[in-house]
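Q: Hi! Could you walk me through this one?
A: Happy to, here it comes.

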Number of protein chains: 2
Amino acid sequence: MGVAATTKIVPPGLTPAAAKDALSQLVDLVYDDLQDCNRAIVARMDSPVALIPQLAAHIVAAGGKRLRPLLTLACARMVGYRGARHVQLATCVEFIHTATLLHDDVVDESLLRRGLASANAIFGNKASVLVGDFLFARAFQLMVEDGSLKVLEILSRASATIAEGEVLQLVTQNDLTTTEDRYLDVLRGKTAALFAAACQVGGVVAECPAEIETALSNYGMNLGIAFQLVDDALDYVADQAKLGKTVGDDFREGKITLPVLRAYQNGSEAERAFWRRTIEESEQTDADLDEALRLIAAHDTITATLDCAQAFASAAKQDLATLPASPIRDCLLAVADYTVRRAN
Amino acid sequence: MGVAATTKIVPPGLTPAAAKDALSQLVDLVYDDLQDCNRAIVARMDSPVALIPQLAAHIVAAGGKRLRPLLTLACARMVGYRGARHVQLATCVEFIHTATLLHDDVVDESLLRRGLASANAIFGNKASVLVGDFLFARAFQLMVEDGSLKVLEILSRASATIAEGEVLQLVTQNDLTTTEDRYLDVLRGKTAALFAAACQVGGVVAECPAEIETALSNYGMNLGIAFQLVDDALDYVADQAKLGKTVGDDFREGKITLPVLRAYQNGSEAERAFWRRTIEESEQTDADLDEALRLIAAHDTITATLDCAQAFASAAKQDLATLPASPIRDCLLAVADYTVRRAN
């Protein structure tokens with residue numbers, strides 16, 4: 001984990017309420033662009049094959065946070081872009097994200113336990129995979145329309161990195177010997193690579209200097225890691241129904257995340273036996289989730305995970321430090337803190 | 001089906017043995033290119049995540065016919081290309097095809113009956129989907145390296161069309177009211193679009209005139225439709241173990257193909273009830289495949305399907321008629337016939 005793991009939470013400069021506002025503030029700052037992007041999302045996921053927009057609408061138009069396209073829109077405007085290309089490229093970013101979500105929800109034969117009405121639960125695995133493929137291909141069509149080989153390079157590389165991260169996650173599943181470095185590689189791939197690309201593309205359309213482009217990419221990467229660490233913490237925090245997540249999904253799937261890794265590493269021999277049975281051997285009873293939550297609380301590994309997330313959020317803020325102050329820049333700084341604060 | 005359905009088989013100008021040689025002859029004509037392409041396939045599917053080349057090797061390096069990349073290589077050389085870009089683009093075409101195969105094998109919960117050791121049977125649905133995503137993304141990275149927006153346009157459009165065709169196939173599954181036009185739309189999408197793109201890209205790297213590019217694309221489209229029609233016929237032809245296919249896969253999945261559609265349309269009321277039970281309601285016993293084969297033989301719908309395939313093969317040959325005669329062109333003409341003849 002290096003530096004990150006040893007860094008303590010930066011004392012919050014904002015109250016939780018103000019911090020919670022950061023994302024809404026960002027939406028306000030690029031409101032018209034986001035509306036255009038939402039319209040483009042609906043318009044461009046269309047197809048003569050009716051099931052495609054139907055299934056896509058279930059996930060893409062259901063109104064997620066649009067965090068990734070928002071980053072593209074905000075970064076472009078922050079560095080002075082005055083055109084409209086960023087709207088179409090933000091749409092590409094959202095389509096790639098949606099394709100990933102659809103493919104991520106594909107269930108293996110051995111893992112039919114999840115109970116949520118994901119697209120694959122309603123439409124079947126195969127339809128989810130194929131509509132994901134369509135959105136992925138459509139994203140590249142939109143990039144070709146835009147015509148920038150540099151954007152195509154950034155987003156095709158990010159797409160390959162996402163797939164690598166997802167496969168690495170599959171490989172580390174059920175494996176408690178996974179190192180924290182390897183776990184971070186999973187986060188960089190499956191989540192942060194697209195955050196980084198989303199931000200960088202905003203800089204590319206603005207034709208900003210190389211060092212600014214790098215700063216944007218680094219900001220996205222650190223923000224994405226912080227975001228996923230918080231997500232992994234929230235999976236073990238009760239009463240998070242408002243976030244649309246079921247507590248314990250990761251546990252049931254035997255996913256290796258920091259709250260579990262730390263609880264395992266710091267656990268007694270009996271506790272380690274518990275984790276080996278439930279995570280490595282996938283032998284779980286209904287009572288096991290409660291025991292897992294108890295051990296995670298006993299070792300305070302949610303706090304450790306959020307500390308780690310805050311270190312990456314602080315690094316993200318540092319990445320934007322050299323950029324001139326502006327409403328959007330200041331808002332992106334606040335968004336980094338908000339990403340961590342949403343767990344409190 | 002229009003013209004195609006009413007056209008009779010063109011009397012073969014070659015004996016079956018000579019026709020069978022057409023594909024090997026084509027391989028000989030672009031042998032060095034194909035070796036380069038095979039090397040590029042192995043080199044470029046690599047990843048630090050070891051499961052990716054492992055799973056990809058299972059399908060991509062297992063040595064398929066390489067028909068699609070072969071078309072790119074052959075078309076480029078046929079129209080006079082002297083460079084090496086076509087090798088990398090042929091690799092893209094094979095990666096897109098492989099990604100499609102991996103995703104095509106994803107099994108729905110309700111369809112766990114197939115018994116073949118496909119990648120998803122060995123590695124799981126999820127790994128197959130994710131490695132498919134990786135190969136798809138990698139294909140676009142290779143196109144970006146090549147740097148032609150026109151190639152990117154052709155192959156991103158083809159990729160979207162493939163996904164549309166696959167979804168349309170899913171929608172028409174189990175539906176005996178599917179029209180033959182709609183069935184042909186499925187073939188155009190899921191198979192022929194990539195054949196067309198593979199051929200066209202060969203022309204694009206050679207910077208050939210627009211009408212030649214169109215001729216190549218049309219050849220690929222007609223060849224692809226013929227190829228898939230034959231594939232759909234072979235699914236009901238016994239003793240095709242040598243082709244690596246199990247007889248009756250399509251039947252068990254309730255796929256709507258021409259042999260079944262015609263047998264249903266021409267069947268007695270009792271026969272139509274049989275098809276409705278087995279295909280529409282997916283109620284099948286072990287003896288039903290034999291009955292299906294008997295009805296298909298009684299109505300001679302394999303011949304009808306191959307007649308239709310031959311009409312498209314002939315159209316493919318016609319598409320190349322205006323090109324100057326050359327060893328490669330003549331071989332591509334023979335390949336069109338071979339595509340149909342392999343069923344005899």
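**A helix, then the interface**

A: Let's start in chain A of this predicted model: Arg157(A) and Glu153(A) both sit in helix 9 (residues 149-172), four residues apart, about one turn of the helix. Helices here are DSSP runs of H or I with at least four residues, strands are E runs of at least two, and both are numbered from the N terminus.

Q: How do the side chains of Arg157(A) and Glu153(A) meet?
A: In a salt bridge, at 3.0 Å from N to O. The term means a side-chain nitrogen of Lys or Arg within 4 Å of a carboxyl oxygen of Asp or Glu.

Q: And how many salt bridges over all chains?
A: The count comes to 37. Between chain B and chain A there are two. Lys126(B) and Asp104(A) form a salt bridge through their side chains, 3.9 Å from N to O.

Q: Cool, which helices of chain B supply the side that touches chain A?
A: Helix 4 (51-60), helix 6 (85-104), helix 8 (125-146) and helix 9 (149-172) of chain B each supply at least two residues. Helix 9 of chain B gives the most, with 14 residues.

Q: What's the nonpolar, polar and charged split on that side of chain B?
A: It has 24 nonpolar, eight polar and nine charged residues. Here Ala, Val, Leu, Ile, Met, Phe, Trp, Tyr, Cys and Pro count as nonpolar, Asp, Glu, Lys and Arg as charged, and the others, Gly among them, as polar.

Q: How much area do chain B and chain A bury between them?
A: About 3800 Å², with 73% of it on carbon and sulfur atoms. That is the accessible area (1.4 Å probe) that the two parts lose on being put together, summed over both. Lys126(B), Leu130(B) and Glu164(B) supply 16% of the area chain B buries against chain A, more than any other three residues.

Q: New topic: what turn lays chain B on chain A?
A: A turn of 180 degrees, with a shift of 0.0 Å along the axis and an RMSD of 0.0 Å. The two copies are thus related as by a two-fold rotation axis. The superposition is by least squares on C-alpha atoms of residues with pLDDT of at least 70 in both copies.

Q: What about confidence, say the average pLDDT of chain A?
A: Chain A averages 89, and 87% of the residues score at least 70; pLDDT is the predictor's confidence in each residue, from 0 to 100. The model scores ipTM 0.91 and pTM 0.91.

Q: Any conventions to note?
A: Residues are numbered from 1 along each chain as its sequence is written, and chains are lettered from A and ligands numbered from 1 in the order in which they are written. Local features need pLDDT of at least 70, side-chain atom pairs count only at pLDDT 80 or more, totals for chains, interfaces and linings use all residues, and side-chain values use heavy atoms, leaving out hydrogens and water.
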